Amino acid sequence: MEEIKFNQIGVSFKGSGSYVPDQILTNQKISKKVDTSDEWIKSRTGISERRISNIDENVSDMGYKAALTAIEMANWDIETIDLIVLATSTPNDLFGSAPSIQAKLGAANAVAFDLTAACSGFLFALITASQFLKGGSFKRAIVIGADQLSSFVDWNDRRSCILFGDGAGALAIESTSEFDNLIGFDMSTDGERGSFLNLPSKNNKDSIIDNIDFLIGGFSPIKMNGQEVYKFAVREVPIMLDNLFRKTNFNSDQVDWLVLHQANQRILDSVGERLKIPREKILTNLEKYGNTSAATIPLMMDEAIRNNRIKQNDIIATSGFGAGLSWGAAIIKWG
Ligand code: COA
C-alpha cells in the first residue's frame with residue numbers, strides 16, 4: 001500500500017450499476033420441479049420469479065457488467081480507480097474473483113480482492129472500502145455485490161430453492177475532504193447460530209498414498225432453517241438500525257428510503273413496522289429477482305436511482321443480514 005496521499009474525512013456516492021441474467025425462472029416453472037405453487041411462494045415470500053445465470057456466465061462476468069455501469073454513471077476514467085472490493089459467496093475462482101473483474105475492466109491501477117459475508121457481504125464490503133478511503137490511502141473505489149446461488153441451491157428442496165436467484169450490483173464511491181455521506185454504520189456476527197444457514201464443504205475423504213488422507217474440495221448445497229433465519233432477521237435488524245439512528249442523531253422520520261437485503265417481503269414489512277417506517281418508503285424488487293445474496297442492496301439501489309426514486313441528498317437506511325449469522329447496517333446520504 002502506498003503512503004497516505006489525501007487528508008480525507010468522508011465518502012461520497014458517485015454512481016450505481018447492476019446486472020441480472022436474462023434467464024427467468026418463474027414460480028410456475030419451479031412448481032413443475034418441486035411440490036409448491038405460485039400462490040404459496042408469493043404469499044410467504046413476495047417472490048414471483050428470479051434470474052438464473054446462463055451456463056457460460058459467472059460471478060466475474062456479472063460483477064464486471066454491474067461495475068462498468070456504475071463507472072459510467074460516475075463518469076470516471078478506468079485508470080483512476082484505486083480499489084475494487086467484490087462481495088461474493090459464490091466466486092468462480094476460490095483464490096479470488098475480483099482480480100478478473102479488474103482485468104476485464106482494464107483497471108490497471110486498482111487493487112482488487114474478494115470479501116465473503118453472504119447476504120451481509122455488500123454492506124461489509126462498502127464499510128471496508130470506505131475505511132481505505134477515509135484513511136486517505138485510496139481515492140476511488142468500486143464496491144460490487146455479485147452472487148450465483150443457483151449453482152449451490154438444492155433444487156429438490158422446496159423449503160429453500162424458491163428463495164434464491166442470481167445477479168450483481170455495484171456502487172462507485174470516492175473520498176472527500178468536505179463531508180461524509182456514509183453517516184454511520186454497524187456490523188455484527190454470531191457464529192454460534194451459523195448452522196441456521198450455511199453452504200458447508202463436503203468433507204469427502206480420499207487417500208493420497210498409504211496413510212495420508214485428504215479432503216476433496218467441494219461444497220454441499222445450501223442448508224437453511226427458514227424459521228430461525230426469519231426470527232433472527234426481524235429481531236436483530238430493527239435493533240441494529242434503531243441503535244444506529246440514536247448514535248447518528250437521526251430518527252426514522254428523517255429516512256427517505258429503507259433499503260433492506262431483499263430476502264422476504266414479510267421480513268421487510270416487519271422491520272419497517274418495528275422502525276415505524278411507512279411501506280411507501282420501503283424499496284422492494286424481490287418480486288422480480290428473489291434473494292440474490294450480496295447483490296440485493298446495490299441492485300435495489302441502482303434500480304431506484306435510475307428510475308428517479310432515490311435522489312441527490314436522500315437519506316437511506318440500509319441493512320444486510322444472513323448467513324454467518326451476520327448482519328450490518330448503514331445510514332447513507334446519496335450523492
Ligand atoms: N411450497 C409449499 N409448501 C412448503 C414450501 C414450499 N415451497 N416450503 C415449505 N413448505 C411447507 C413445509 O413443509 C411445512 O409443511 P408442514 O407443516 O406440512 O410440515 C409448511 O409449508 C410450513 O413450513 P415453514 O417452514 O413453517 O414455513 P414458513 O412460513 O416459515 O415459510 C420460509 C418458509 C422459508 C418462506 C420462511 O421461513 C422464510 O422466509 N424464512 C427466512 C428465510 C430467508 O430469508 N433466508 C435467507 C436469509 S439471507
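In this predicted model, a good place to start is Met240, which is buried, with a relative accessible area of 5%. Met240 belongs to helix α6. Leaving aside residues up to four places away in sequence, Met240 touches two short runs of the chain: Asp186, Met187 and Ser188, together with Trp327, Gly328 and Ala329. Along the chain, Glu228 is 12 residues from Met240, and the C-alpha atoms of the two are separated by 18 Å.

From this one residue, the view can widen to the whole chain. The protein chain contains 9 helices and 15 strands. Its C-alpha atoms fill a box of roughly 55 × 55 × 40 Å along the principal axes. A compact globule of 335 residues would have a radius of gyration near 20 Å, and the chain agrees with this, because its own value is 20 Å. Buried residues account for 56% of the 335. Among contacts with a separation of 6 or more, 76% join residues that are 24 or more positions apart.

The outside of the chain can be described in a similar way. The accessible surface amounts to about 14800 Å², and carbon and sulfur atoms supply 48% of that area. As for charge, the chain carries 34 positive and 41 negative charges, and the mean positions of the two sets are 6 Å apart.

Helix α6 also appears in the surroundings of another helix, α7, since α6 (226–247) is included in what covers the buried residues of α7. Helix α7 spans residues 265–275, and 8 of its 11 residues are buried, so this helix is largely enclosed by the rest of the structure. The buried positions are Gln265, Ile267, Leu268, Asp269, Ser270, Val271, Gly272 and Leu275. Besides α6, the cover includes helices α2 (38–45) and α8 (286–289), along with strands β13 (257–260) and β14 (315–322).

The cysteines complete the picture. What keeps Cys119 from forming a bond with Cys161? The sulfur of Cys119 is 16 Å from that of Cys161, the closest cysteine sulfur, and this is too far for a bond because a disulfide needs the two sulfur atoms within 2.5 Å. Cys161 is likewise in no disulfide, its nearest cysteine sulfur being that of Cys119. The count of disulfides therefore comes to 0 under the 2.5 Å cut-off. Both residues lie away from the surface by the accessibility criterion: Cys119 is buried, with a relative accessible area of 8%, and Cys161 is buried at 0%.

Conventions:
Residues numbered from 1 in each chain as written. Predicted model: local features only at pLDDT ≥ 70, side-chain atom pairs only at ≥ 80, totals over all residues. Heavy atoms only, no water. Helix = DSSP H or I, 4+ residues; strand = E, 2+ residues; numbered from the N terminus. Rg over C-alpha atoms; globule rule 2.2 N^0.38 Å. Buried < 20%, exposed > 50% of the residue type's maximum accessible area, 1.4 Å probe, protein only. Contact = heavy atoms within 4.5 Å. Areas by Shrake-Rupley, 256 points an atom, 1.4 Å probe, with all protein chains shown as cover. Lys, Arg positive; Asp, Glu negative; His and termini not counted. Charge placed at Lys NZ, Arg CZ, Asp CG, Glu CD.
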